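Here are a few exercises to work through with the model open beside you. Try each task first, then follow the solution step by step.

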Amino acid sequence: MDMSKPKKLKVGIPVMGKGATNHIHRSEVIDAFLERGVELCFFVRPDYFDILKQNPDCSYISCDIPAVTREKKAIAGFFEYWRNLYPAKDPGRKIRFRELISPRSCIARMRSEVLAWGAKSRVTMQLALYLEERMLQGAEHVEISDRSFDLMLLLGIGTHGTQPEALFARWARSHGIPTVQVVANYDGLSSKGFRGTTVDELLVWGPTMRDDAVRLQGIPESRVKMIGALRYDHLRDRQYPPRDTFLRQRRLNPSRKTILFAGSRNVHHYFEMLSAFEELNKYNDQFQLVIRVYPKKSLLRSAAMTYFLRHARTLPGVYVSIADPNYEEGIENKEVLAIEEEELWSLLKHSDLVVNLYSTIALEACLFDKPVINMWYFVNVGMAVRQPVYIPYPEIYHIRKFMGYGAAEQATSREELIDLIQRAVEQPEQRSGQRRLAVSKELGPLDGKVIDRLVDFCCSRLPGVDQQADRASV
């Protein structure tokens, strides 16, 4: 063994969900760590292992999704359910609570009401988390034989959807490994319940997320650093194909106004958007439509969507873009670990407005300074398609915040949608200031240095690495 060769510092990163593949397992992020002499080891859930495109300069370990087992499983489930109710006094969480308890027995509903009363208070939830971590100490099922890590980098804080990250955090602490946690989604701190772990260091996007970490999640402000949104940092500066070339390659007319419709998991909205577009073109044929299909397997496999795609692709002035890159390659059953992005960013760049259903793409549209219209109505499209389910989107916490900026319009009928589309292309500069406000508040500093701040902060927690932590806080 060559003792003169310095030991490489190693960071472990769990890949338990698509957030890690979309935000951390990116070549530009990996390269930034490697340039600083930091080795990355990814813990990959078994069903992802063979389909994740692996970087030859990193190591990968197949690792089951951690869980709490045996007699402690019921305790873990109890606390997870309780945390999911928080903040119970919020209108959006009240709706979620009603969904959770509606199929339960009378006694179970009464127990849930008592828990919901406690879930109104952040202090109560902090106490509940303390009890949870004490009662489940050592009970988490995380199988990692290699413990030679200098840092664990986690995506999430154990709220709904990132529960495995909480167990990884506990495992790391129990083995004396420091942790740094990063937030991937802009609703991860606000609409997903209370966190499932103690947080040592948290990296967030912008001022709003920082406030949510402190005010909603009870994380001391000294432990929260604002670095910006990793995935969006270079979008303004990247090279895009010329608009005319890009649109003509998709059989679209560069002289027409382009509507980008970003659909959801529900097929009926796709039919409704197409119907609204056809009605719009009856008296104003200067529009064309791009339909961006959500990457959900059950949606793409459904008979209704199969028919819709076949029909839409025959229509003039309509282009279909599918976020699932495997679907277009004919590999319909392969899990989507990372959505198609190259075409998406160009679509946002070259479209004239964006219609969506309160999704993250509304923020992305604001980043490109495109008018945003949220479709909030639910039309019965016939017996052949599963009927729409009403979802009170505007009541959900993070959506209320976004709509509070005044950056988007809201259509509650087809007539209103058509009217808003026409107004958006006639006066695209309207709400531009509000869109810039939403970007600065939600996405934080996007100056081409977000990855640098991430790497600098992690390196500041590693022994023997050049210290540049001053850039980690903005």
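**Exercise 1.** Find which residue of strand 9 stands opposite Leu 202.

*Solution.* Step 1: Leu 202 faces Val 224 in strand 9. Strands here are DSSP runs of E with at least two residues, and helices are runs of H or I with at least four, numbered from the N terminus. Step 2: strand 8 (residues 202–204) and strand 9 run parallel and are joined by three bridges; two strands count as paired if DSSP finds at least two bridges between them.

A word on the source: this is a predicted model, in which local features need pLDDT of at least 70 and side-chain atom pairs count only at pLDDT 80 or more, while totals for chains, interfaces and linings use all residues. Residues are numbered from 1 along each chain as its sequence is written, and side-chain values use heavy atoms, with hydrogens and water left out.

**Exercise 2.** Place these strands in their sheet and work out which strands stand at the edges.

*Solution.* Step 1: the sheet is open, with seven strands in the order 3-2-1-6-7-8-9 and parallel pairing. Step 2: strand 3 (59–62) and strand 9 (224–226) each have a single partner strand, so one side of each lacks a neighbour in the sheet. Step 3: on average, neighbouring strands are turned by 25 degrees against each other, direction ignored (axes are lines fitted to C-alpha atoms, for helices over the stretch in contact, and angles run from 0 to 180 degrees between N-to-C directions).

**Exercise 3.** Compare the expected span of helix 7 with the model, then sort its residues into buried and exposed.

*Solution.* Step 1: helix 7 (residues 122–135) has 14 residues, which at 1.5 Å a residue should span 20 Å; the rule is 1.5 Å times one less than the number of residues. Its end C-alpha atoms are 20 Å apart, so the two agree. Step 2: Met 125, Ala 128, Leu 129, Glu 132 and Glu 133 are buried (buried is under 20% relative accessible area, exposed over 50%, partly exposed in between, with a 1.4 Å probe and protein chains only). Step 3: down the axis, these buried residues fall within an arc of 130 degrees, so they line one face of the helix; the arc uses directions from the helix axis to the C-beta atoms. Step 4: on the other side, Val 123, Leu 127 and Arg 134 are exposed. Step 5: the cover over the buried residues includes helix 4 (73–84), helix 6 (106–118) and helix 8.

Key: Contact = heavy atoms within 4.5 Å.
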